[in-house]
Amino acid sequence: MNNPFRPAEIVEMLKLRGEAQQQLFAEARCKRAEVWGDRIVLRGVVEITNLCKVNCEYCPMRRDNTKSNDTYLMTVPQIMEAVEAIKEAGIKVVFFQAGEIPQTTKIVTALIPQIRELFDNDVEILLNLGNKPHQDYALFKALGANTYIIKHETSDPDLHLKIRHETLDERLSYMRDLLELGFKVGTGTIIGLPGQTIESIAQDLLLGQTLGVHMMSASAFVPAPNTPMDHLPNGSLETTLNYIAISRIMNPEWLIPSVSALEKVSKDGQLMGLEAGANVMTVNFTPDYSLQKYLIYGKDRYIVKRNHVETLLGQVGLRTFPEHWYDYLAAR
Ligand code: SF4
């Protein structure tokens, strides 16, 4: 797909504030309505482990913290119990999120057929399990996983290496593998990393478009305790909202979540995300015994529950999708 904007235009849009910013959001809402009407995608997430072999500078679940963290790895029966709660809530997107460890392959491989049976195949299985060998991804796909989130976080190769300790090229090679296997793939960026320029944020958007991903997310950086970045300020809410809006205008068919980090950096942050053009919300179904151990940006995170989502949707006049979003797009 051609990119409708030049980098300099995106930079200007990222900087908009006041009335011009409100016009940007209004245009994004228009684009969302053109494709999606008043529907949004609702996901139910289970965070299946806080163990991780990667050492991202911003994350409290980083490898260096493993010894001091209260670690957990949910079992297949425990996870299925949470999946049953997702089904009972009428949500048809089962989303597994976890730190990057090889053990999740075996667990998720056991889960996928059970979930398909439970939902009588009327389910989207969305995974966010990090980098895996090709045969693992292929197995997930063959068993019936549909979608995969693997965020590039920043398109600046030097910054990427500095904060994630792996190269951007390596990360993108996993993303390309998933795309070639036929997954619907999501990427995303963190706004407000130290040393990140507004020009590189514009490149984040263009990279997603060039790769041909299906989902794009933006999260304001939240400094987490017990990390090398714990002393840094929050990322800009305004720039993050503009990123959401530009994503929507650039590619109206993208799934774009209004993430919990927005609520963490500002009261009503997720409401603002929806008003900037987002079309995905995620309800947390991680059981209480694990919930406070999944240190996505520290213990003090915002946990999204169903009633919060219902309230927000009522405020902005949106509803959840009755069918699967990819079937809906294919039939348009
Ligand atoms: S951000 Fe993800 S990959 Fe990086 S340390 Fe945290 S859990 Fe691991």
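Me: What distance does helix 9 reach from its first C-alpha to its last?
Reply: In this predicted model, helix 9 covers residues 237–250 and has 14 residues. At 1.5 Å a residue the expected span is 20 Å, and the helix comes close to that value, with a reach from first C-alpha to last of 20 Å.

Me: How many of the 14 residues of helix 9 are buried?
Reply: A residue counts as buried when its relative accessible area is under 20%. Helix 9 is mostly covered by this criterion, and the number of its residues that are buried is 13 of 14.

Me: Which residue caps the N-terminal end of helix 9?
Reply: The contact to look for runs from a side-chain oxygen to the backbone nitrogen of Glu-238, and the two atoms lie 3.3 Å apart. The residue that supplies the side-chain oxygen, and so caps the helix within the 3.5 Å allowed for a polar contact, is Ser-236.

Me: How many aromatic pairs are there, by the rule that ring centres lie within 6.5 Å?
Reply: A pair of aromatic rings is described by the distance of the centres and the angle of the planes. With the centres required to lie within 6.5 Å, the count of aromatic pairs comes to seven.

Me: What is the geometry of the pair formed by Tyr-137 and Tyr-148?
Reply: The ring centres of Tyr-137 and Tyr-148 are 5.0 Å apart, with 70 degrees between the planes. The pair links distant parts of the chain, since Tyr-137 belongs to helix 5 (residues 134–143) and Tyr-148 to strand 4 (residues 147–149), eleven residues apart. Tyr-137 is buried at a relative accessible area of 0%, and Tyr-148 is likewise buried at 0%. Because planes over 60 degrees apart fall into this class, the geometry is edge-to-face.

Me: Is Tyr-328, which pairs with Phe-321, buried or partly exposed?
Reply: The rings of Phe-321 and Tyr-328 have centres 4.8 Å apart and planes at 65 degrees, so this pair is edge-to-face. Phe-321 is buried, with a relative accessible area of 12%. Tyr-328 has 22% relative accessibility and therefore counts as partly exposed.

Me: Which residue lies over the face of Phe-183?
Reply: Phe-183 belongs to a cluster that ring pairs build together with Tyr-137, Tyr-148 and Tyr-174. At 5.6 Å from the ring centre of Phe-183, the residue over its face is Lys-141.

Me: How many disulfides does a search of the whole structure find?
Reply: A disulfide requires two cysteine sulfur atoms within 2.5 Å. Among the cysteines, Cys-30 is partly exposed at 49% relative accessible area, whereas Cys-56 is buried at 9%. The number of disulfides found in the whole structure is zero.

Methods:
Residues numbered from 1 in each chain as written. Predicted model: local features only at pLDDT ≥ 70, side-chain atom pairs only at ≥ 80, totals over all residues. Heavy atoms only, no water. Phe/Tyr/Trp six-rings, centres within 6.5 Å; stacked < 30°, edge-to-face > 60°. Helix = DSSP H or I, 4+ residues; strand = E, 2+ residues; numbered from the N terminus. Buried < 20%, exposed > 50% of the residue type's maximum accessible area, 1.4 Å probe, protein only. Lys NZ or Arg CZ within 6 Å of the ring centre and 35° of its normal. Expected span 1.5 Å × (residues − 1). Polar contact = N/O pair within 3.5 Å; in protein donor to acceptor, adjacent residues only side chain to side chain.
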